[in-house]
Amino acid sequence: MKKKILIVGGVAGGASAAARLRRNSEEDEIIMFEKGPHVSFSNCALPYHLSGLISEADKLVLMSPEKFMTQYKIEARVNNEVISIDRENKYVNVKNSETGDIYKETYDKLILSPGAKPIVPKISGIEKVNIFTIRNVVDIDKLNKYVKSIEARDIAVIGGGFIGVEAAENLKDAGYNVSLIEALDQVLKPFDYDMVQILHKEIYDKGVNLIVNDKVENFEEDKVVLASGKKINAKVVVMAIGVSPETGLAKEANLESGQTGAIKVDKNYKTNDDDIYAIGDAIEVYNALTHSMTKLSLAGPAQKAARAVADNINNKSTINKGYIGSSAIKVFDYNGASTGLNESLIKVLNMNINYDIVRVILTDKVGIMPTSAPMHFKLLYEVPTGKILGAQAIGKGDVTKRIDVIATAIKFGGTLEDLKDLELCYAPPFSTAKDVVNYAGYVGSNILNGDFKQVNVDKVRELVENNAYIVDVRERGEYANGYIKGSKNVPLSELRERTNEIPKDKPVYLHCRTGQRSYNAVLALQKLGFNNVYNITGSFLGLSLYEYFNDKTQNRESIVTEYNFR
Ligand code: FAD
């Protein structure tokens, strides 16, 4: 029987649902309402208009209402806002913002995909600065035109999430003086504190005034005043502190909200009304790893839910296994990607889970390839099962390939053993014959088997301050170019002859450049009767990257004589 299906919101979730609905049925009437002037634009590409990478704002719009009609027989009504839902009589009230007309549209099924709106808190003095947010093509066009029209060059971006970091990068690339202000001690929460320091360094080195651990207190004329008392010049302020789900319409219609405040749906994305579904940023979803409900503002999950709803409405069965959260970002010359759990999330949620980490640094391609660069990889696994819980990768190469493999492994319940066994594509321009993902499996299995012990780079400062016994097994020339203060140089090539210099009565912490040679040294020493030896994961390269940003911005004494980032 022919159905009439209405969709609220015409971008990621809404447009995907509409297209799938049409593929499922030629006869259904499908009407998609979008309160803005564009449907189906690339939200994710919006910041790249600021640098000119995407030269015209129009290029961000992927489909027009005309194309929806001619190609898919879907009516896409832009500038039409759904203002209320009458569940009893199954119709919505719609306001046409061009004509001011309000009209009714009946439905058999209604899909809500209204997204999430940028949070703009009521901070004192907010009227004294030019505030912008980034949600759609109109926003980015307005911001871009404004920054180009003014003479002052200073821009403050508030909030170090994905949108804030991408906006800061693209504005910097466009030549502005950019301050990026984050209240927490780090940007980009999908990365743990130890990993994100690599990105902090990159943002800092590229000339963005990155300020962490400081909150906006108030605004003055063209200035952002921080809790520390610092005043940041800003002719333009981009507010990117987060988004909140658009739940107004649903709440007014008495559709239930969940524990997070977002719209509550069942496993088929149905609300507490049998004929109303909700998807995308407006809903809360089940996190299959934390076993709790969460808000997940990502395009992939919105589009997958859209497909599931369209199938469900057409009586096709779907399975909802929950989400694990996979994301990626480019930060100037670096790429970062993450999936699943990270250490900070485990702590924040106070999860009762026994886990350990692997940190490896490997080249992303065969070392002799001209663009070969280190890839920093962190994996979390459950103890004692070895089940993969999450991973983060940062480097100049293809981090998403590695994290996608881990995301797939998590979805299939993979373990460290499975990672060892994976047969991944290899040729020198792409990766190494044993990829970093395989290595993570090897190293994790070794730790799990108790073959060696490790400490992470974030513990080294404390070790140095407590005069711990640190041995650098790099060769003499490498050591001379910079070393951990107080460390002793016993190159791996000399180690077996010089074991008498290494104490047995206290812990000994070994490192090299990336952790590989020191791992070999740890194993050798263990076999020679040393029971209290640790490998410093991340080693000198990881440590230099970990310490640098805080040393520079906090005027802190460095624990290394020279950093070495090569
Ligand atoms: P949206 O795509 O936002 O669509 C909702 C639409 O509904 C809006 O256009 C809104 O105007 C309309 N609407 C709301 N209420 C009504 C109403 N009452 N009547 C009619 N229309 C209404 N995700 C990633 O996975 N990767 C990325 O790299 C990434 N980058 C991003 C960069 C930016 C700048 C932004 C803003 C988002 C980014 N996202 C990214 C997030 C991703 O875009 C969202 O998760 C996704 O678009 C959510 O889909 P949605 O359908 O729920 O909402």
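This section describes the nonpolar cores and two helices of a predicted model.

The largest nonpolar core comprises 53 residues, of which Val-358, Phe-377, Leu-379, Ile-406, Leu-495 and Leu-510 touch the most other members. Helix α9, spanning residues 399-411, supplies the largest share of this core, with seven residues. Apart from this core lies another, of 48 residues, among them Ile-5, Phe-68, Val-285 and Ile-313. Within the largest core, the surroundings of Val-358 were examined further. When neighbours within four places in sequence are left aside, Val-358 is in contact with Phe-377, Lys-378, Leu-379 and Tyr-381, and also with Ala-440, Val-443, Gly-444 and Ile-447.

Helix α5 (residues 193-205) has 13 residues, which should span 18 Å at 1.5 Å a residue; the end C-alpha atoms are 18 Å apart, in agreement with that value. The helix is mostly covered, with ten of its 13 residues buried. The buried residues of α5 include the charged or polar names Asp-194, Gln-197, His-200, Lys-201 and Glu-202 as well as Met-195, Val-196, Ile-198, Leu-199 and Ile-203. Just after α5, Gly-207 adopts a positive phi of about 95 degrees.

Helix α16 (residues 539-554) contains 16 residues and reaches 22 Å from its first C-alpha to its last, close to the 22 Å expected at 1.5 Å a residue. A bend of about 35 degrees occurs in α16 at Glu-547. Because 13 of its 16 residues are buried, α16 is largely enclosed by the rest of the structure. Just after α16, a positive phi of about 50 degrees is found at Asn-555.

Conventions: Residues are numbered from 1 along each chain as its sequence is written. This is a predicted model: local features need pLDDT of at least 70, side-chain atom pairs count only at pLDDT 80 or more; totals for chains, interfaces and linings use all residues. Side-chain values use heavy atoms; hydrogens and water are left out. A nonpolar core is a set of buried Ala, Val, Leu, Ile, Met, Phe, Trp, Tyr and Cys residues joined through side-chain atoms within 4.5 Å. Buried means under 20% relative accessible area, exposed over 50%, partly exposed in between (1.4 Å probe, protein chains only). Helices (H or I, at least four residues) and strands (E, at least two) are DSSP runs, numbered from the N terminus. Contact means heavy atoms within 4.5 Å. The expected span of a helix is 1.5 Å times one less than its number of residues. The bend at a residue is the angle between axes fitted to the seven residues ending there and the seven starting there.
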